[in-house]
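Visitor: I have a fold open on my screen and I'd like to learn how to read it. Could you walk me through it, feature by feature?

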Amino acid sequence: MIEVQHASFRRTAHRNGRFCGEVQVTTNDARTPVVLVYFTASQDNDYDMVDILANDADTEIDWYDNNLHQAFANRNEWFETDEMKTDWGERESFKEQVLAYGSVREDLARELVD
């Protein structure tokens, strides 16, 4: 199970035509300790987790924060079952851990206003 060790709001960004809040998250996953999680405001006054990206670039070669290349890989597979279906309980648990960490939920509320 992927657990959040630290999370902080970074900025607003547009992903796939959607206005999102970008949250940097440190996890307990040894392969991908740091990910960027993107949230949009949802109609039920909460947030939808729309993407989880990890920078898979080799830091020895690509030592700067360059999001213009293909080093960013999707980490939604963290929540796939052996049958290649989404484990919605695990995914929701991760989402809630991120939103509950520090002031993340409040930061998103402030930054994702219409």
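Visitor: Let's start with strand pairing. Which residue in E2 is the bridge partner of Ser-8?

Guide: Keep in mind that this is a predicted model. The partner of Ser-8 in E2 is Gln-24. That bridge belongs to a ladder of ten between strand E1 (residues 4-15) and strand E2 (residues 18-27), which pair in the antiparallel sense. As a general idea, side chains in a regular strand alternate between the two faces of the sheet.

Visitor: And where the chain turns between E1 and E2, how many residues sit between the strands?

Guide: Two, and Asn-16 in this hairpin takes a positive phi near 50°. There's another positive phi after helix H1: Gly-102 follows that helix, and its phi is also near 50°.

Visitor: Zooming out, in what order do the elements of the chain run?

Guide: From the N terminus it goes β-β-β-β-β-α-α, so to speak the short form of five strands and two helices. For contacts, look at those with a separation of 6 or more: 42% of them come from residues 24 or more positions apart. Of the 114 residues, 39% count as buried. The chain exposes about 7,100 Å², and carbon and sulfur atoms supply 46% of that.

Visitor: How do I check the geometry of H1? What should its 13 residues span?

Guide: Use the rise of 1.5 Å a residue: for H1 (residues 88-100) that gives an expected 18 Å, and the end C-alpha atoms are 18 Å apart, so the two agree.

Visitor: Which residues of H1 are buried?

Guide: Arg-91, Phe-94, Lys-95, Val-98 and Leu-99. Their arc around the axis is only 130°, which means they are on the same side of H1.

Visitor: Lys-95 is a charged residue in that list of buried ones. Which residue meets its side chain at 3.5 Å, N to O?

Guide: Asp-46, in a salt bridge. Lys-95 is in helix H1, while Asp-46 is in the loop between strand E3 (34-41) and strand E4 (47-55), so the bridge ties together parts 49 residues apart in sequence. Both partners are buried.

Visitor: Why do they count as buried?

Guide: The cut-off is under 20% relative accessible area. Lys-95 counts as buried because its value is 7%, and Asp-46 does because its value is 15%.

Visitor: What else does Asp-46 bridge to, at 2.6 Å?

Guide: The side chain of Arg-105, again in a salt bridge, N to O. Arg-105 sits in helix H2 (residues 104-111) and Asp-46 in the loop between E3 and E4, so this pair links distant parts of the chain, 59 residues apart. Arg-105 is partly exposed, with 27% relative accessibility.

Visitor: How far apart along H1 are Lys-95 and Glu-92?

Guide: Three residues, which is about one turn of the helix. Their side chains meet in a salt bridge too, at 3.7 Å, N to O. Glu-92 is partly exposed, at 38% relative accessibility.

Visitor: Which residues end up in one network?

Guide: Follow the shared partners: salt bridges join Asp-46, Glu-92, Lys-95, Glu-96 and Arg-105. A search of the whole structure finds nine salt bridges.

Terms used: Residues numbered from 1 in each chain as written. Predicted model: local features only at pLDDT ≥ 70, side-chain atom pairs only at ≥ 80, totals over all residues. Heavy atoms only, no water. Helix = DSSP H or I, 4+ residues; strand = E, 2+ residues; numbered from the N terminus. Expected span 1.5 Å × (residues − 1). Buried < 20%, exposed > 50% of the residue type's maximum accessible area, 1.4 Å probe, protein only. Arc of directions from axis to C-beta. Salt bridge = Lys/Arg side-chain N within 4 Å of Asp/Glu carboxyl O. Contact = heavy atoms within 4.5 Å. Areas by Shrake-Rupley, 256 points an atom, 1.4 Å probe, with all protein chains shown as cover. Pairing = 2+ DSSP bridges.
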